[in-house]
Number of protein chains: 2
Amino acid sequence: MESLANQMTTGETMTAASGSATTSLQTIDLSALLEPVSTDVALVEEWLNTNLIDDTPFVGELLCQIFQAGGKRLRPAIVLLASRATSNRPPQEFSRLHIILAVLTELIHTASLVHDDVIDSASLRRGKQTVNRRWNDRLAVLLGDLLFAQASICLARIMNPVIVGIYGQVLGDLCAGEIRQMRQQFSTQVDWDAYIHKSFCKTASLFAAGSHSGAILNACSDDLVASLKDYGLNLGICFQIVDDLLDVTGSSEKMGKEAGSDLQSGILTAPALFVLERKDSAAQKLEKLIKDRAVTEPDGAQEALELIRQNGGVEQAIELAAKYGRQAKEGLCRLPSTTYRHSLEGLVDYMLTRTN
Amino acid sequence: MESLANQMTTGETMTAASGSATTSLQTIDLSALLEPVSTDVALVEEWLNTNLIDDTPFVGELLCQIFQAGGKRLRPAIVLLASRATSNRPPQEFSRLHIILAVLTELIHTASLVHDDVIDSASLRRGKQTVNRRWNDRLAVLLGDLLFAQASICLARIMNPVIVGIYGQVLGDLCAGEIRQMRQQFSTQVDWDAYIHKSFCKTASLFAAGSHSGAILNACSDDLVASLKDYGLNLGICFQIVDDLLDVTGSSEKMGKEAGSDLQSGILTAPALFVLERKDSAAQKLEKLIKDRAVTEPDGAQEALELIRQNGGVEQAIELAAKYGRQAKEGLCRLPSTTYRHSLEGLVDYMLTRTN
């Protein structure tokens, strides 16, 4: 079995090939990328931890626990960087609306995680027990709804009907993605269109909303708005493929959730698809393990993971992620050269080399 | 034990006293009240049954089943009647936006029911098995989210930031109401403010949104908008009290859900509160049954129901509902005398005499 370090060496090569200055995993420091918007990030954090309206202390504490459990705040970071990168105002005059936009993007993300954990009966998230496991499904439903409601209230504050439309569609996409994933469980049909569509719905739709809504608030040209949307879409698909990779190569400890859990749930990840499309004996073995539900047991899952690792699934998925990463960077071509644009580019490299 | 018919005779007297022409239960025909907006109601129904965007037939069918299981469509009716009552346009020029407003109001209501049934572990709704019982909690979470997402998409189409704010707040209120109810379970403290606040959050907030949003779209005066909001608020509280009454007096068959289920879940209804505040031996008996959780068992629930019925709980709750009904009608005073206003008044009488 190839080691995590070896697999990620391939990742580094690919990252370097994609034009980044990255030479090792350790060089991409997320907090350094966020430095140009650190004041804004702090405001978002403060909002998430204190501004959530609720007159029940018990629930307020639960929400705080959810946000304090961590999360990389990638989506707010994208909102803030893209908003700053397209603003003509001096940094100190940054609009409060962009902060609210960043907050609501994280609220929707967190709400969907809380409900996804009920839907997937997951027990570990960000290294902590999920709400449904620690308490129960009922409380998780309620907390997720509360977060969606808070997001709606934020959305209303922005007072922009176009933004309301974008985020309304995101909510629909998140459900559609979950439904598509549910219906594709334990299918072994290689359908890349379906995979990309599901990844768009589950992940990239919210990334794209975050990457171009700030430019809409800044009254940017349609071309600039569209290219920033492309950035978010491609970055989102890239993120999903790397998530898939981590399910095959990652460690539970680093990821804060169980490794191999997608495979065990019968969810076809990109590395698995690459092996299945080979149509050789390895593909047939993997297909059988999935179809017979052997992957739901530890031994079967282990066998499937090894088949994927030993038959080029990881390397090909890394290449695919890199392709989407390059496309994401192309979406930044219309932006002036600023520290914000540089960080948006850096986020692509971060995505490709992240280990959790 | 007083019979349902006898109890409702009191209801008739009360209804007559509140100024309506109602003389018997059978005279209030909901479909007759909705006749002035029957074309609009048909459009809403068509939308709910066909226009829900989903590319997965399985989910589309489930949503259809949910809507075809019935429901009185009271909230859309209020939206349509109040919108028509405040419109200067000829009937045939009625704005499509009001239809969308009516649809989104029903979508939010239905989404909250689907999630409430998960939260309350309910098994019967509108005479049919709930989604969580027939399938599972996971699917119910997903379907509820999908309905909320559809509501958000409708909301975006209305392109009015004030309406977005109103409905965003409603979503927050629905969660707050559920949390308040959850935290008051098996408490026997008589706190009418808490009861009214919970009823506002769980029920009246959405009624009020529906009753005054149409007037906002029609660019009515602030005074007219405010009085229509009062109509919805009072009608909503009235509706909740009658719901409480039906939990004590109703039959499972008529209501399409289990009678006494609030009491068994330790939810303090208005009739129970009236008995508890007596501080006499009946109050003490009821308090003990709730505190000891005896109400969760059939025998204990039956004993508690009889205590409530035999100690004036029903009659006093009917009077309270009638008070809110009268206040609701006062909210209509600024409206011109039209068939729409007449139906809005009739809805109050319908609420007070409904048996399911």
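Copies are superposed by least squares on the C-alpha atoms of residues with pLDDT of at least 70 in both. The exercises below use a predicted model.

**Exercise 1. Find how chain A and chain B are related by rotation.**

Solution.
Step 1. Superpose chain A on chain B. This takes a rotation of 180° with 0.0 Å of shift along its axis.
Step 2. Check the fit. The RMSD is 0.0 Å.
Step 3. Conclude. The two copies are thus related as by a two-fold rotation axis.

**Exercise 2. Describe the side of chain A that touches chain B.**

Solution.
Step 1. Count the residues. Chain A gives 33 residues to the contact, and chain B gives 33 residues.
Step 2. Find the elements. Those that give two or more residues on the side of chain A are α6 (96–119), α8 and α9 (161–184).
Step 3. Pick out the main contributor. The largest share, 13 residues, comes from α8(A).
Step 4. Sort by class. This side of chain A has 19 nonpolar, 8 polar and 6 charged residues.
Step 5. Compare the two surfaces. Of the interface residues of chain A, 100% are also interface residues in chain B, so the copies meet through the same surface.

**Exercise 3. Work out how α8(A) and α9(B) are arranged.**

Solution.
Step 1. Locate the helices. Helix α8 of chain A covers residues 137–158, and helix α9 of chain B covers residues 161–184.
Step 2. Take the geometry. Their axes come within 8 Å and cross at roughly 160°.
Step 3. Apply the cut-off. Angles over 145 degrees count as roughly antiparallel. The two helices are therefore roughly antiparallel to each other.
Step 4. Add the hand. The crossing of α8(A) and α9(B) is left-handed.
Step 5. Sort the contact by class. It has 12 nonpolar, 6 polar and 2 charged residues.
Step 6. Name some partners. On the α8(A) side, the residues include Leu142(A), Asp145(A), Phe148(A) and Ile153(A). On the α9(B) side, they include Val164(B), Gly168(B), Cys175(B) and Glu178(B).

**Exercise 4. Summarise the fold of chain A from its elements, burial and contacts.**

Solution.
Step 1. Count the elements. Chain A has 18 helices and 2 strands.
Step 2. Look at burial. Chain A has 356 residues, and 55% of them count as buried.
Step 3. Look at sequence separation. Take the contacts in chain A with a separation of 6 or more. Residues 24 or more positions apart account for 73% of them.

**Exercise 5. Examine the positive phi of Lys279(B) and of Arg293(B).**

Solution.
Step 1. Recall the usual sign. Most residues other than glycine have a negative phi.
Step 2. Read the angles. Lys279(B) is not a glycine, yet its phi is positive, about 60°. Arg293(B) is not a glycine either, and its phi is about 65°.
Step 3. Place the residues. Lys279(B) lies in the loop between α14 (270–276) and α15 (281–291) of chain B. Arg293(B) is in the loop between α15 and α16 (298–310) of chain B.
Step 4. Judge the exposure. A residue with 12 or fewer other C-beta atoms within 10 Å is exposed. Lys279(B) has 10, so Lys279(B) is exposed. Arg293(B) has 12, so Arg293(B) is exposed too.

**Exercise 6. Place Gly60(A) and state its exposure.**

Solution.
Step 1. Find the element. Gly60(A) is in helix α4 (residues 57–68) of chain A.
Step 2. Use the neighbour count. Gly60(A) has 15 other C-beta atoms within 10 Å, so Gly60(A) is partly exposed.
Step 3. Relate it to Ile267(A). Gly60(A) and Ile267(A) are 207 residues apart in sequence. Their C-alpha atoms are 34 Å apart in space.

Note on methods: Residues are numbered from 1 along each chain as its sequence is written. Chains are lettered from A and ligands numbered from 1 in the order in which they are written. This is a predicted model: local features need pLDDT of at least 70, side-chain atom pairs count only at pLDDT 80 or more; totals for chains, interfaces and linings use all residues. Two residues are in contact if their C-beta atoms, placed from the backbone, lie within 7 Å. Axes are lines fitted to C-alpha atoms, for helices over the stretch in contact, and angles run from 0 to 180 degrees between N-to-C directions. Helices (H or I, at least four residues) and strands (E, at least two) are DSSP runs, numbered from the N terminus. Angles under 35 degrees count as roughly parallel, over 145 as roughly antiparallel, 65 to 115 as roughly perpendicular and the rest as oblique. A crossing is left-handed if the near helix is turned anticlockwise from the far one by less than a right angle, and right-handed if clockwise. Ala, Val, Leu, Ile, Met, Phe, Trp, Tyr, Cys and Pro count as nonpolar, Asp, Glu, Lys and Arg as charged, and the others, Gly among them, as polar. A residue is buried if 20 or more other C-beta atoms lie within 10 Å of its own, exposed if 12 or fewer, and partly exposed in between; C-beta atoms are placed from the backbone.
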